[in-house]
Amino acid sequence: MNPNLIENIDIEIPLFLEAIFQKYGYDFRDYSTAHIKRRLMHRMAIGRFETISQMQDKVLRNKSFFISLLEDLSINVTEMFRDPEFYSSFREHVVPNLRTYPFIKIWHAGCATGEEVYSLAILLKEENLLDRCQIYATDFNRRVLDIAKLGIYSTQDLGKFSRNYLESGGKGKLSDYYTLKYGSLKLDQSLSKKVVFADHNLVTDNVFAEVNLILCRNVLIYFNKDLQNKVIDLFYKSLSSSGFLCLGTKESLRFTQLESNFANIDSSQKIYKKRIN
């Protein structure tokens, strides 16, 4: 690519993100620069745009094009029982505490297409806790929320899902929780009866609810430091006393503004507990 075009891209991207915010209210201005640049370059190649500015003109004039771009900027990488070691640690360190609660409120933030929400529901059902839980699963992308609500997935990765489940400490068989029909996997409705899927944007929205547990795994890595601190503050305010926060394995509270407000429960699996003030 022409060096001048590369230099212009770095100038144009902040203007492009500002235009999206002003026009549609979606705020990507504090997302990781590398992530945003990679996704926009991908969309430029697909759409055969010569410049970001050219693509910006279409975004402002064509809402359907913006919706397709939103899919590029959304974080939708997920799978059932992703990082099985995390779920094994969750059973060991978090479940005993949850047993002491008469009612458990859980916020699964950035839930994408829902595979990890259903994974959590399966774990809680096996621990005889699901009936006293209310799980709020949120994302800003309404399309992925629609997929999550259905609980229907391709069987392409079923083998991996089953291995993850067993490695996570599953107490039965993953097949106990789904049926196969027309080449798709349909998760049991008993898992979703305690789940509310809702539209919530971590960047622009406020406290969602007061909860005992927050899971937001592999989302913060796409944010810059300022936005990470803002979102962690949101989580802190949303957690009840001694509530748990679970992040992704590549994420951490280390060097954040609220690091001292959390106790480190499992440093390798990034499970934290809100300190009592």
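Reader: Where is the place of S168?

Author: In this predicted model, S168 is found in the loop between α9 (158-167) and β4 (178-181).

Reader: What makes S168 buried or exposed?

Author: The relative accessible area of S168 is 0%. Buried means under 20%, so S168 is buried.

Reader: Which residues does S168 touch, not counting residues up to four places away in sequence?

Author: S168 touches F81, P84, Y87, S88 and R91. One of these, S88, lies in helix α5 (residues 84-93). Seen from the other side, and leaving aside neighbours within four places in sequence, S88 is in contact with E167 and S168.

Reader: Why is S88 called partly exposed?

Author: The relative accessible area of S88 is 34%. Buried requires a value under 20% and exposed a value over 50%; 34% meets neither condition, so S88 is partly exposed.

Reader: How far apart are S88 and D139 in sequence and in space?

Author: S88 and D139 are 51 residues apart in sequence, and their C-alpha atoms are 25 Å apart in space.

Reader: How do you know whether R39 is buried, partly exposed or exposed?

Author: R39, in helix α2, has 24% relative accessibility. This value lies between the limits of 20% and 50%, so R39 counts as partly exposed. Apart from neighbours within four places in sequence, R39 is in contact with D72 and L73. R39 and L73 are 34 residues apart in sequence, with 6.5 Å from C-alpha to C-alpha.

Reader: What makes α3 and α4 parallel or perpendicular to each other?

Author: The axes of helix α3 (residues 52-61) and α4 come within 5 Å and cross at roughly 115 degrees. Angles of 65 to 115 degrees count as roughly perpendicular, and α3 and α4 are therefore described in that way.

Reader: Which residues of α3 and α4 meet?

Author: From α3, the residues are M55, K58, V59 and R61; from α4, they are K63, F65, F66 and L69. By class, this contact has five nonpolar, three charged and no polar residues.

Reader: How many aromatic pairs does the count come to?

Author: The count comes to 18 aromatic pairs. One of them is formed by Y26 and F66, with 5.6 Å centre to centre and 55 degrees between the planes. The centres must lie within 6.5 Å, and a tilted pair is neither under 30 nor over 60 degrees; the pair of Y26 and F66 is therefore tilted.

Reader: Why does the pair of Y26 and F66 tie together parts that are apart in sequence?

Author: Y26 lies in the loop between α1 (3-24) and α2 (33-47), whereas F66 lies in helix α4 (residues 63-73), so the pair ties together parts that are 40 residues apart in sequence. Y26, at 16% relative accessibility, counts as buried, and F66 counts as buried at 1%.

Reader: What makes the pair of W107 and F235 stacked, tilted or edge-to-face?

Author: The planes of W107 and F235 are 85 degrees apart, and the centres are 5.5 Å apart. Planes over 60 degrees apart count as edge-to-face, so this pair is edge-to-face. W107 belongs to strand β1 (residues 104-109) and F235 to helix α11 (residues 225-238), 128 residues apart. Both W107 and F235 are buried.

Reader: How do you know that R217 sits over the ring of F86?

Author: The charged end of R217 is 4.0 Å from the centre of the F86 ring. The rule asks for a distance within 6 Å and a position within 35 degrees of the ring normal. R29 likewise lies over the face of F21, at 3.9 Å from the ring centre.

Methods
Residues numbered from 1 in each chain as written. Predicted model: local features only at pLDDT ≥ 70, side-chain atom pairs only at ≥ 80, totals over all residues. Heavy atoms only, no water. Phe/Tyr/Trp six-rings, centres within 6.5 Å; stacked < 30°, edge-to-face > 60°. Helix = DSSP H or I, 4+ residues; strand = E, 2+ residues; numbered from the N terminus. Buried < 20%, exposed > 50% of the residue type's maximum accessible area, 1.4 Å probe, protein only. Axes fitted to C-alpha atoms, helices over the stretch in contact; angles between N-to-C directions. Parallel < 35°, antiparallel > 145°, perpendicular 65-115°, else oblique. Contact = heavy atoms within 4.5 Å. Nonpolar A, V, L, I, M, F, W, Y, C, P; charged D, E, K, R; others polar.
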